[in-house]
Amino acid sequence: MAAPKNITIADFNYSLPDEKIAKFPLKDRDKCKLLIYKNGEMRESVFTEVEKLLEPGSLLAVNNTKVIPARLEFFTENGARIEIFCLEPHSPADYDSNFASRQQCEWKCLAGNLKRWKNFNLKRDLPFGEGSISLEVEKMEVSGGEVIARFSWDGGCSFSDVIDAAGSIPIPPYLNRKAEESDTVDYQTIYSHYKGSVAAPTAGLHFTPELMESLRCDIGQITLHVGAGTFKPVKTETIGEHEMHREFFSVTRDFLMSLMAHKGKVTAVGTTTVRTLESLFWMGVNMIEGRASDHLTQWECYDMEDTQITMEESVSAIIKYLDDNHLDTFKASTGIMICPGYKYRMVNNIITNFHQPESTLLLLVCAAIGQEWKTLYNYALSHDFRFLSYGDSCFLGIESVKIRD
C-alpha cells in the first residue's frame with residue numbers, strides 16, 4: 001500500500017445514484033437496515049440488533065454535540081439575499097462562553113453572495129417571546145473566503161437565544177433540498193446536549209430512547225463539535241495535498257476513567273467519536289514526550305506510529321494533566337487524518353453510516369476494514385440500502401486494532 005500521503009483519492013470512488021441517497025429518515029429510526037462486518041464475515045440485519053452486538057462490560061462511546069441553526073438569512077436594502085453560515089466562535093473562542101454572550105460576540109463564518117455585502121451592516125428584526133430582537137451583523141475581516149462577523153443585538157438575551165430565533169438547521173448540501181421543520185428534530189441525536197455543531201454526528205441518529213434503555217453495555221459521552229469541513233470534498237489527486245479540517249472536542253475525567261476500565265472493548269458511534277478517541281491517544285503520547293497536546297495536526301500521528309506507549313499510559317497522562325491543573329474536562333482540537341495505513345489504538349468497533357465517494361470519511365472506514373469496504377458498499381448498493389446522513393447503518397469490527405498490554 002502507498003504511504004498515507006501518497007494515497008490516490010480516485011481509488012475511493014464509486015457510483016452513487018441520487019436515488020440511493022436518503023432525503024428523509026425513516027419514521028422509526030431504529031428500524032433501518034444494518035450491515036454487519038465482523039471477523040471477516042458480512043451479514044445484513046436491522047439496527048435494533050446493535051443491542052446484541054454490544055456486549056456487557058463493553059463501552060459505547062457517543063458524541064453528545066447538538067447541531068445549531070447555523071444558517072442565517074439577511075436581505076440588503078436593494079433586496080439582495082445574503083446567507084451567513086456560522087462555522088465556529090471567534091470571540092469569545094470558547095463555545096459555552098460565546099453562546100452565553102449578551103449584546104455582542106464574533107464568529108468565523110461563510111457568507112453566501114459575499115460580493116453584495118459592501119461597507120454596511122446587515123440588519124434583521126427577530127420575534128422573541130412577546131417582543132423582538134434587533135440583530136445587526138458587521139463584517140470585520142475577510143480571509144480566504146471566510147468572514148469574521150460581529151453580531152450585536154438588544155433585548156438582554158444570549159447569543160444562544162439569538163441564533164435559535166434567527167437561524168435554520170444546516171442539513172447537508174447533498175440532500176438537495178431546503179431544511180424543513182421536521183429536520184429540527186430529525187437532524188439531532190436523542191442524546192444531543194452541547195450546542196456547537198454545524199453537522200450532525202449522523203451515525204447516532206438511529207438510536208431511540210427505547211433502544212438506549214435496552215443496551216447492556218456501558219455508555220460514555222464525548223463532545224466534538226462537527227464543522228462544515230466534514231462535507232469538504234477532496235479535490236486533490238493525493239490525500240497528502242488535502243487540508244483536513246480542525247474540530248474542537250472535550251472529554252470529562254470520568255469518561256477517561258471509563259476508557260481505562262474498558263480497554264479493548266470500545267465501540268465508537270460515528271466518525272466524529274472515532275476521531276476524538278484516536279486523537280486522545282496521540283495527545284497523551286505528546287504529553288508523555290513533552291510536546292504540546294492541545295491540538296493534533298493532520299499527519300503527526302504517523303510520525304509516532306512506532307511508539308511503545310500503551311493506551312493505558314497515554315490516557316493516564318491526560319488524567320494526570322487534569323488533576324495537576326485542577327480540571328474536570330480536557331478540551332482540545334484535532335485535525336487528524338485517519339486513512340489506510342493507520343492502526344487504531346482506542347476503538348475496536350465502529351457504528352457508522354455509508355459515506356460519500358472520495359471522502360475522508362470513507363478513508364477512515366478503509367483504515368478499519370481495508371479493501372473490504374468495496375465489498376460492503378457494493379452489497380449495500382445492490383440490496384437497497386439508503387446512503388448518507390439519513391440513510392442506513394453499518395457495524396464494523398476493527399481487526400487491526402493495536403492495543404499493547
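Start by selecting Gly370, the spot just after helix α10, where phi turns positive at about 70°. Keep in mind as you click around that this is a predicted model.

Now step back into the helix itself. Select residues 360-369, which make up α10. How many of the residues of α10 are buried? The count is 10 of 10, so this helix is mostly covered. Show the side chains and you'll go through Thr360, then Leu361, Leu362, Leu363 and Leu364, then Val365, Cys366, Ala367, Ala368 and Ile369, and each of these is buried. A general point to keep in mind here: an α-helix has 3.6 residues a turn, so residues three or four places apart point the same way.

What covers the buried residues of α10? Colour the neighbours to find out: the cover includes two helices, α7 (271-288) and α11 (372-382). Strands join in too, among them β1, β18 (349-353) and β19 (393-397).

Follow β1 next. This strand spans residues 33-38, and Lys33 is a good residue to pick. Lys33 forms a salt bridge with Glu44, with 3.6 Å between the closest N and O atoms. Glu44 sits in strand β2 (residues 41-46), so you are looking at a link between distant parts of the chain, 11 residues apart. Switch on the surface here: Lys33 is partly exposed at a relative accessible area of 24%, and Glu44 is partly exposed as well, with 34%.

Your next selection is Glu83 and Arg71. They form a salt bridge whose closest N and O atoms are 2.7 Å apart. Glu83 lies in strand β6 (residues 81-91) and Arg71 in strand β5 (residues 71-75), so the pair ties together parts that are 12 residues apart in sequence. Is Glu83 buried or exposed? It counts as buried, at 18% relative accessibility. Arg71, at 23%, counts as partly exposed; the cut-off for buried is under 20%.

Leave those two on screen and add Glu73 and Arg81. Together, Arg71, Glu73, Arg81 and Glu83 are linked in a network of salt bridges.

One more pair: jump along to Arg291 and Glu289. Their salt bridge has its closest N and O atoms 2.5 Å apart. Both partners are partly exposed: Arg291 has 38% relative accessibility, and Glu289 has 42%. If you'd like to hunt for others, the model has 20 salt bridges to find.

Finally, zoom out and switch to cartoon. The chain comes to 11 helices and 19 strands. Its radius of gyration is 21 Å, close to the 22 Å that the globule rule gives for 405 residues, so the chain is as compact as a globular protein of that length. Along the principal axes, the C-alpha atoms fill a box of roughly 60 × 55 × 45 Å.

Colour by burial and you'll see that buried residues make up 54% of the 405. Contacts tell their own story: among those with a separation of 6 or more, 74% are between residues 24 or more positions apart. Put the surface back on for the last view. The accessible surface is about 17700 Å², and carbon and sulfur atoms account for 46% of that. As for charge, the chain carries 42 positive and 56 negative charges, and their mean positions are 3 Å apart.

Technical notes. Residues numbered from 1 in each chain as written. Predicted model: local features only at pLDDT ≥ 70, side-chain atom pairs only at ≥ 80, totals over all residues. Heavy atoms only, no water. Helix = DSSP H or I, 4+ residues; strand = E, 2+ residues; numbered from the N terminus. Rg over C-alpha atoms; globule rule 2.2 N^0.38 Å. Buried < 20%, exposed > 50% of the residue type's maximum accessible area, 1.4 Å probe, protein only. Contact = heavy atoms within 4.5 Å. Areas by Shrake-Rupley, 256 points an atom, 1.4 Å probe, with all protein chains shown as cover. Lys, Arg positive; Asp, Glu negative; His and termini not counted. Charge placed at Lys NZ, Arg CZ, Asp CG, Glu CD. Salt bridge = Lys/Arg side-chain N within 4 Å of Asp/Glu carboxyl O.
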